Amino acid sequence: MTTELEIMTSPSPRNVPRALDLAQALDKKSHFLLGPRQTGKSSLVRHQLPGARVYDLLDSAVFLALSHSPGRIAEEVQATQVPVVIDEIQRLPGLLNEVQRLIEERGIRFLLTGSSARKLRGGGVNLLGGRARTLRLHPLSWRELGDDFDLARAIQRGLVPSIYFSDEPRADLDAYTGSYLQQEIVAEGATRNAPAFSRFLKVAAVCNATVVNHTKVANDAQVPRTTVHEYFEILRDTLIVHEVPAWKLGTKRKPLVSSKYYFFDVGVASALQGRLVTTGTPEFGAAFETWLLHELVCHRDYAGGAPIAHWRSSSGFEVDFVLGDHTAVEVKASSSVAPQELRGLRALGEEKTWKHLLCVSQDPRRREVDGITILPWREFLTELWGGRYSV
């Protein structure tokens with residue numbers, strides 16, 4: 001009999017239904033669609049918008065043509081030909097001037113996809129001034145995969161679609177992390193010192209799921225402390241990490257105000273760390289926590305879930321995630337949570353009247369301890385997507 005943490009027989013790659021509905025979104029307004037490379041943006045466009053006119057800026061001929069003459073879009077697109085997709089818009093941010101004009105004058109709906117917000121922020125995204133909203137696409141989620149979801153597979157490989165279903169996941173992860181360094185960072189000109197950034201990236205991966213000590217990271221990566229701040233900004237802009245801010249509303253215990261950083265995908269984080277994460281290893285707990293944050297982020301961005309923060313007091317109490325001002329979530333990878341592991345939730349519970357104090361774990365059955373609900377991760381996710389922890 002296989003346990004929950006044994007890898008199942010590899011499922012075949014397939015068109016996994018995604019939680020985003022592009023057609024419905026574009027029926028109301030133009031949108032940016034941002035997400036790390038290979039999360040499925042182009043595939044989603046092909047399946048959900050089969051009649052769209054697509055300008056792929058990774059195609060050299062298309063890129064050169066629009067670089068020399070942005071007005072070609074206006075010549076080729078009529079008001080009735082909607083939507084219009086510009087893929088990898090960060091490669092040509094100046095094109096947003098033409099996009100804004102066509103939205104205003106012709107009412108054309110655009111979907112502008114990208115794998116980095118860095119060049120957009122400095123290259124004209126504000127010129128659209130409310131004329132386009134932003135959608136985010138993440139690696140596959142538990143809800144999207146359904147019966148194809150396997151926890152061990154997700155922890156070991158991550159949830160980037162091509163890697164989750166890969167026959168050679170470690171080789172693909174190594175190639176993927178290499179392409180990030182070369183294509184997303186160096187090729188964009190975000191940093192000219194590739195060796196220094198490469199050292200930093202590996203140190204940052206080791207700091208995954210922690211409150212970062214910038215001085216220690218600077219020493220380990222052999223770069224100035226000011227450079228560490230700049231490099232973390234690059235990671236945020238290129239969608240490689242999620243920043244989880246501190247929850248600061250507590251009054252009974254002084255909270256720390258530093259953010260925690262999590263890589264967008266647990267498989268990418270472990271590949272950069274040079275580790276193969278399996279159950280029982282010291283790294284499994286942080287990997288399990290990183291994966292659960294991914295699920296919370298997907299719910300927030302796809303279903304309008306609550307903002308996500310973390311809490312840590314100056315006296316050492318901490319809770320992994322705070323959802324809005326109503327739900328506190330501690331994550332434990334064990335299958336039998338002990339009462340002493342709930343110290344953080346008990347301490348945070350003193351601050352205010354919480355609607356939910358939760359410990360999400362691999363416990364086989366739901367139980368209550370001192371007003372805290374310990375529940376299996378699958379049951380938590382079912383209730384999360386069902387709206388129980390949204391307000």
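This is a short dialogue on reading the sheet, helices and cores of one predicted model.

Student: What should I know before I start?

Tutor: Residues are numbered from 1 along each chain as its sequence is written, and side-chain values use heavy atoms, with hydrogens and water left out. The model is predicted, so local features need pLDDT of at least 70 and side-chain atom pairs count only at pLDDT 80 or more, while totals for chains, interfaces and linings use all residues.

Student: In what order do the 5 strands of the open sheet come?

Tutor: Strands of a sheet pair through backbone hydrogen bonds, either parallel or antiparallel. Helices (H or I, at least four residues) and strands (E, at least two) are DSSP runs, numbered from the N terminus; two strands pair if DSSP finds at least two bridges between them. Here the order is S2-S3-S4-S1-S5, with parallel pairing. S2 (53-56) and S5 (132-136) are at the edges with a single partner strand each, so one side of each has no neighbour in the sheet.

Student: How many bridges join S1 to S4?

Tutor: There are 4, between residues 30-34 and residues 110-114. Look for Phe-32, which sits opposite Leu-112 in S4.

Student: Which strands does helix H5 lie across?

Tutor: H5 (residues 96-106) lies across S1, S3 and S4, at about 160° to S4. Contact means heavy atoms within 4.5 Å. Axes are lines fitted to C-alpha atoms, for helices over the stretch in contact, and angles run from 0 to 180 degrees between N-to-C directions.

Student: Where does the largest share of the largest nonpolar core come from?

Tutor: In soluble globular proteins, nonpolar side chains tend to be buried together. A nonpolar core is a set of buried Ala, Val, Leu, Ile, Met, Phe, Trp, Tyr and Cys residues joined through side-chain atoms within 4.5 Å. Buried means under 20% relative accessible area, exposed over 50%, partly exposed in between (1.4 Å probe, protein chains only). This core has 54 residues, and Trp-291 is among those touching the most other members. Its largest share, 10 residues, comes from H15. Of the 20 residues of H15, 15 are buried, so the helix is largely enclosed by the rest of the structure.

Student: How do H11 and H13 cross?

Tutor: Two packed helices are described by the angle between their axes and the distance between the axes. The axes of H11 (residues 194-206) and H13 (residues 225-237) come within 11 Å and cross at roughly 75°. Among the residues making the contact are Phe-197 and Phe-200 of H11 and Tyr-231 and Phe-232 of H13.
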